[in-house]
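Colleague: I should like to understand how the descriptive terms applied to this structure are justified. May I ask about them one at a time?

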Amino acid sequence: MADIKDGYGLPDSLPALRLPSDADLAREARGVPLVRELAALAGGDSQGIEPARLRVLRKYAGAVGWTEAGSGETGSGGDDSDALDAWASAFAAVLSEAICASSGAENADHAEEPDGIDVHAPGAAVAMVLFLTRREGLFRSEARDLVRDVMSGEHPVPRTARTVEKWAAAHGEPADVLLAELDRAGAVTLPATDDGTIRFTPLALREMRNQLADGGIDIPLLPSSDTELTARQLLALAEGISVEEFEGQADSWLTAHGREAAAAELLSLAAEGGPAQRLTAVSVVTRAGAAAEPAWRDHLGEPVLRPYAKVALASLAMGLIPQRPGYPGGLALLPDAVPSEGIPPELRPLDDDLAWMTTDVLSLACRDDDTDPDEIAAAFAQAVPSGQETEALDRVWRGPHPDAERVLTHVGRFHPDKAIAKDARRAARKAAGRRDES
């Protein structure tokens with residue numbers, strides 16, 4: 001993986017990662033079925049293994065250097081480092097050899113592969129995509145398309161597509177073969193249905209981080225202990241894991257640090273950060289419930305946090321639990337069932353407050369020219385109540401948020417609803433005119 005950074009067009013750094021301790025991971029590695037199979041094979045114990053499975057294991061063993069009845073390190077003994085190194089070797093063998101081995105070939109000679117397709121390269125591509133999409137996960141259909149594309153390589157598509165189809169008819173869908181072996185290696189968790197997402201396990205995440213770090217890419221490794229994890233590190237973690245996983249880790253972190261003190265620390269970070277950090281911090285503090293009330297009150301006078309503090313305090317004043325944010329980082333809103341007249345007067349959001357929250361949420365989906373129209377539409381729907389689109393866009397351009405013009409321009413360019421896009425472009429022109437006058 002010497003050229004991994006340039007080969008995949010990767011940035012200098014990727015989101016932080018949090019893993020179990022090496023001792024815990026080594027314990028998992030020793031119990032992985034594939035590692036146990038290879039250890040038995042290397043120890044000369046191949047009785048009871050079906051011939052077809054034995055061919056696959058011998059291919060892996062050759063790639064790993066665990067020859068039958070040989071002396072290679074199999075991870076069945078030794079210290080934690082040995083166990084993790086052994087697992088990493090088995091993982092690498094599966095990535096390079098699983099699809100080839102399923103065809104029944106005894107070695108990796110290209111002469112034994114179907115003409116015009118590559119049965120060794122897809123594993124590395126799937127591993128990279130699984131790591132880079134660890135927050136969202138990978139659908140099985142996406143994995144199937146990716147594997148077929150990589151198998152086809154640079155050759156004419158019609159011919160290679162037929163060759164891949166013929167291979168799949170004889171040996172099974174290549175991506176499914178690869179994923180089944182990665183599952184046996186303890187590298188992935190597979191969903192119960194095809195519409196679920198595939199994710200790397202901590203063992204695979206650890207090894208991919210090691211490989212990427214060797215390639216010059218910085219991926220901070222965060223403490224595994226909640227008491228050692230700082231508030232800033234917790235916020236950094238949100239970018240690299242699913243919303244559900246982050247919520248679970250945030251709850252654990254709040255408990256470990258004391259909810260009242262933790263809320264105060266998080267809101268201090270929110271006050272100094274941009275929209276992404278601010279919204280993530282707000283989402284965690286919202287989960288602290290009534291314990292966060294003193295922290296919210298301390299930040300009522302700060303324009304960047306006043307809108308969120310008003311909403312949270314209004315909810316708590318009426319005995320309600322502030323809603324959990326639904327968008328990455330999130331936007332805390334009062335439950336729909338609460339009438340505006342039930343909100344204490346000093347906590348009623350003003351137009352500038354509503355404009356600020358709307359712009360914050362939309363800014364997360366308006367980062368660059370690769371903006372996804374569906375993501376813009378989802379963010380807009382989450383930030384703006386249905387039927388209030390024009391009113392909300394007017395508030396945004398009149399509001400105090402420094403990102404208002406940029407956000408409106410993005411919505412105008414990328415929102416799939418033509419009426420909303422037109423209103424956004426009009427609002428963006430007004431925001432630009434206001435800027436020129438100032």
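**Terms and the values behind them**

Modeller: Let us begin with helix H3, in which Leu34, Val35, Glu37, Leu38, Ala39, Leu41 and Ala42 are buried. Please bear in mind that this is a predicted model.

Colleague: Why is helix H3 called largely enclosed by the rest of the structure?

Modeller: Helix H3 spans residues 33-42, and 7 of its 10 residues are buried, so the description follows from that count. The buried residues of H3 pack against helix H2 (22-30), helix H4 (51-64), H5 and helix H9 (174-184). After H3 comes Gly44, which has a positive phi near 85 degrees.

Colleague: What makes the pair of Trp87 and Phe91 stacked?

Modeller: The aromatic pairs in this model number 2. In the pair of Trp87 and Phe91, the ring centres are 5.0 Å apart and the planes differ by 15 degrees. Rings pair if their centres lie within 6.5 Å, and planes under 30 degrees apart count as stacked, so both conditions are met by Trp87 and Phe91.

Colleague: How do you know that Trp87 and Phe91 are separated by about one helical turn?

Modeller: Both belong to helix H5 (residues 80-101), where they are 4 residues apart, and that spacing is about one helical turn. An α-helix has 3.6 residues a turn, so residues three or four places apart point the same way. Trp87 and Phe91 are both buried.

Colleague: Why is the pair of Phe91 and Phe200 called edge-to-face?

Modeller: The planes of Phe91 and Phe200 stand at 75 degrees and the ring centres are 5.9 Å apart. An angle over 60 degrees counts as edge-to-face, and the centres fall within the 6.5 Å limit, so the name applies to Phe91 and Phe200. This pair links distant parts of the chain, since Phe91 is in helix H5 and Phe200 is in strand S4 (residues 197-200), 109 residues apart. Phe91 and Phe200 are both buried.

Colleague: What makes Trp87, Phe91 and Phe200 a cluster?

Modeller: Ring pairs link these residues, Trp87, Phe91 and Phe200, into a cluster.

Colleague: Why is Lys310 called buried?

Modeller: The relative accessibility of Lys310 is 7%, and buried means under 20%, so Lys310 qualifies. Lys310 is part of helix H16 (residues 306-317). Beyond its neighbours within four places in sequence, Lys310 is in contact with residues including Leu300, Glu346, Leu347 and Asp353.

Colleague: What makes the approach of Lys310 and Asp353 a polar contact?

Modeller: Their side chains are joined at 2.9 Å. The limit for the N or O atoms of such a contact is 3.5 Å, so the distance between Lys310 and Asp353 satisfies it.

Colleague: Is Gly153 buried, exposed or partly exposed, and what makes it so?

Modeller: Gly153 has a relative accessible area of 45%, which lies between the 20% and 50% limits, so Gly153 is called partly exposed. Gly153 is located in the loop between helix H7 (140-152) and helix H8 (157-171). Gly153 and Ala121 are 32 residues apart in sequence, with 9.1 Å between their C-alpha atoms.

Colleague: And why is Leu138 called buried?

Modeller: For Leu138 the relative accessible area is 5%, under the 20% cut-off, so the term buried fits. Leu138 lies in strand S2 (residues 138-139). Leaving aside neighbours within four places in sequence, the contacts of Leu138 include Val129, Leu130, Gly196 and Ile198.

Colleague: How do you know that Arg134 lies over the face of Phe131?

Modeller: Arg134 is placed at 4.7 Å from the ring centre of Phe131. The distance limit for a charge over a ring is 6 Å, so Arg134 meets that part of the rule.

Colleague: Which results describe the protein as a whole?

Modeller: The secondary structure consists of 21 helices and 5 strands. Of the 438 residues in the protein, 47% are buried. Among contacts with a separation of 6 or more, 70% are between residues 24 or more positions apart. The accessible surface is about 20300 Å², and carbon and sulfur atoms contribute 50% of that surface.

Colleague: How many disulfides does a search of the whole structure find?

Modeller: The search finds 0 disulfides. Turning to individual cysteines, Cys100 counts as buried at 3% relative accessibility, and Cys366 is buried at 0%.

Definitions and conventions
Residues are numbered from 1 along each chain as its sequence is written. This is a predicted model: local features need pLDDT of at least 70, side-chain atom pairs count only at pLDDT 80 or more; totals for chains, interfaces and linings use all residues. Side-chain values use heavy atoms; hydrogens and water are left out. Rings of Phe, Tyr and Trp (its six-membered ring) pair if their centres lie within 6.5 Å; planes under 30 degrees apart count as stacked, over 60 as edge-to-face and the rest as tilted. Helices (H or I, at least four residues) and strands (E, at least two) are DSSP runs, numbered from the N terminus. Buried means under 20% relative accessible area, exposed over 50%, partly exposed in between (1.4 Å probe, protein chains only). A charge sits over a ring if NZ of Lys or CZ of Arg is within 6 Å of the ring centre and within 35 degrees of the ring normal. Contact means heavy atoms within 4.5 Å. Accessible areas come from the Shrake-Rupley method with a 1.4 Å probe; for residues, only the protein chains shown count as cover. A disulfide is a pair of cysteine sulfur atoms within 2.5 Å. A polar contact is a pair of N or O atoms within 3.5 Å; within protein, one must be able to donate a hydrogen and the other to accept it, and residues adjacent in sequence count only if both atoms are side-chain atoms.
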